[in-house]
Amino acid sequence: METSKNYSDETKSVHAGIKDNENLAVIPPIYQTSTFKFKNAEHGAAVFKGEEPGYIYTRMGNPTVEALEDAVASLENGHKGLACSSGMAAINTVFSAYLNSGDHIICSETVYGPTTALLNDVYSGFGIETTFVDIASLEDINSAVKPNTKMIYIETPGNPTLVVADLAACSEIARKIGAILVVDNTFMSPILQKPFKFGADIIIHSMTKFLNGHADVVAGMIIAKSEEDYKLLRKTLNLVGGFLAPMEAFLVHRGIKTLSVRMEIHCRNAMKIAEYLENHQKVKKTIYLGLKSHPQHELCKKQMKYFGGMISFELKGGIESGKKLMNGVKLCQLAVSLGGVESLIQHPASMTHAIMSKEDRLKAQITDGLVRISVGIENVDEIIADIDQALKMI
Ligand code: LCS
């Protein structure tokens, strides 16, 4: 299909990126090849120079991967996508492309633990300084600005405390200081939130999560808004090498066909589970963007379609009660990752965010008692019954 911007997200999920092919297969073949032939020496030289269209070598481009890139770029209303071998590869490619020694980056203090560690443990060694801020506070962001600030990097909502950034206000700050705004949109997916609409410059996804949706692939995506950004990012990705393999790209593209319906059920189920948790006497605090009690609920209504499939909560008995809950559930699986059709439960302080120092975790309000649920698309009453029987054991 023409990846026309005029189609709805429901239609794009099913058709975007799919092109007519030699045998008119409804699902195009998987180009499981590392390299491509040239017709002759002249053709090879012309393709390398970019004077003739064609593929060269899969790290530099592959039709199966390109189909997925077109699909996600279309869903995000962006210019072009760049598929990466993981979400971390996507993040690293963006940092490598835009940050140089002597630069400063403002990063949300609430991001996936390894993103914090990548800046603290790797990029600091390259002479890049990071200030971690509370992205809910525009004052905090403004006061972190330095003359050499080149990038503002946010996840919204942030992993795992679901703190929300005001996308329009962040892009305004970035524009004012001549920096770029990079948004990790993994928790929302393009169905629920469109960061380009609010002025983001680059979007990142861990496609391991909602985009693929089936917990069987690790993959990432960068979406560029302009040809200039795309060219820089493509050159960087070719050189740093974190390109996505064709089979993985095929699987993610297949997963995206059901993205819009999956997101609807994730959101519906999560709302019901959050209401159940909020009213449970053993639960101290429930964090869900759809609850009126979420301090940024009104902002969420402005910049997202629905409130997502992620819930974090704290039990009155702290971490010991949390452990009992995680050991007591039967239908929900005790595992990290998120965004798949199955409900997963995990403990950020000892799992996804264990790589951060306790001090950094507490600054980001990732308390030891916090438990995170990625709500799946199972029957919601059965998920609640599972949590309920586990809570009775505490
Ligand atoms: N961005 C976000 C918001 C994430 O949650 C993750 C992984 C990544 C980037 C990295 O993507 P990956 O390289 O794993 O594809 N988040 C995980 C989590 O919360 N549990 O396990 C992985």
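**View 1. Residues nearest the ligand in the predicted model.** The ligand has 19 residues around it. Asp 184, Ser 206, Thr 208, Ser 337 and Arg 372 come nearest. By class, this shell holds 7 nonpolar, 8 polar and 4 charged residues.

**View 2. Polar atoms facing the ligand: Gly 87, Lys 209 and Ser 337.** Gly 87 places a backbone N or O atom 2.9 Å from a ligand oxygen. Lys 209 uses its side chain: a polar atom there lies 3.5 Å from a nitrogen atom of the ligand. At Ser 337 the backbone is involved again, with an N or O atom 2.9 Å from a ligand nitrogen. Taken alone, the ligand exposes 470 Å², and the protein buries 93% of that area.

**View 3. The ligand between two domains.** Domain 1 spans 9-256 and domain 2 spans 259-391. Both give residues to the shell, so the ligand lies between them. Helix 4, residues 87-98, gives the most to this shell, with 3 residues.

**View 4. Lys 272 on helix 11.** Helix 11 covers residues 259-278 and includes Lys 272. The relative accessibility of Lys 272 is 40%. Partly exposed means between 20% and 50%, so Lys 272 falls in that class.

**View 5. Contacts of Lys 272 with residues distant in sequence.** Leaving aside residues up to four places away in sequence, Lys 272 touches Val 380, Asp 381 and Ile 384. Lys 272 and Val 380 are 108 residues apart in sequence. In space, their C-alpha atoms are 7.5 Å apart.

Conventions: Residues are numbered from 1 along each chain as its sequence is written. This is a predicted model: local features need pLDDT of at least 70, side-chain atom pairs count only at pLDDT 80 or more; totals for chains, interfaces and linings use all residues. Side-chain values use heavy atoms; hydrogens and water are left out. A residue is near a molecule or strand if one of its heavy atoms lies within 4 Å of it. A polar contact is a pair of N or O atoms within 3.5 Å; within protein, one must be able to donate a hydrogen and the other to accept it, and residues adjacent in sequence count only if both atoms are side-chain atoms. Accessible areas come from the Shrake-Rupley method with a 1.4 Å probe; for residues, only the protein chains shown count as cover. Helices (H or I, at least four residues) and strands (E, at least two) are DSSP runs, numbered from the N terminus. Ala, Val, Leu, Ile, Met, Phe, Trp, Tyr, Cys and Pro count as nonpolar, Asp, Glu, Lys and Arg as charged, and the others, Gly among them, as polar. Domain bounds come from an automatic or database domain assignment. Buried means under 20% relative accessible area, exposed over 50%, partly exposed in between (1.4 Å probe, protein chains only). Contact means heavy atoms within 4.5 Å.
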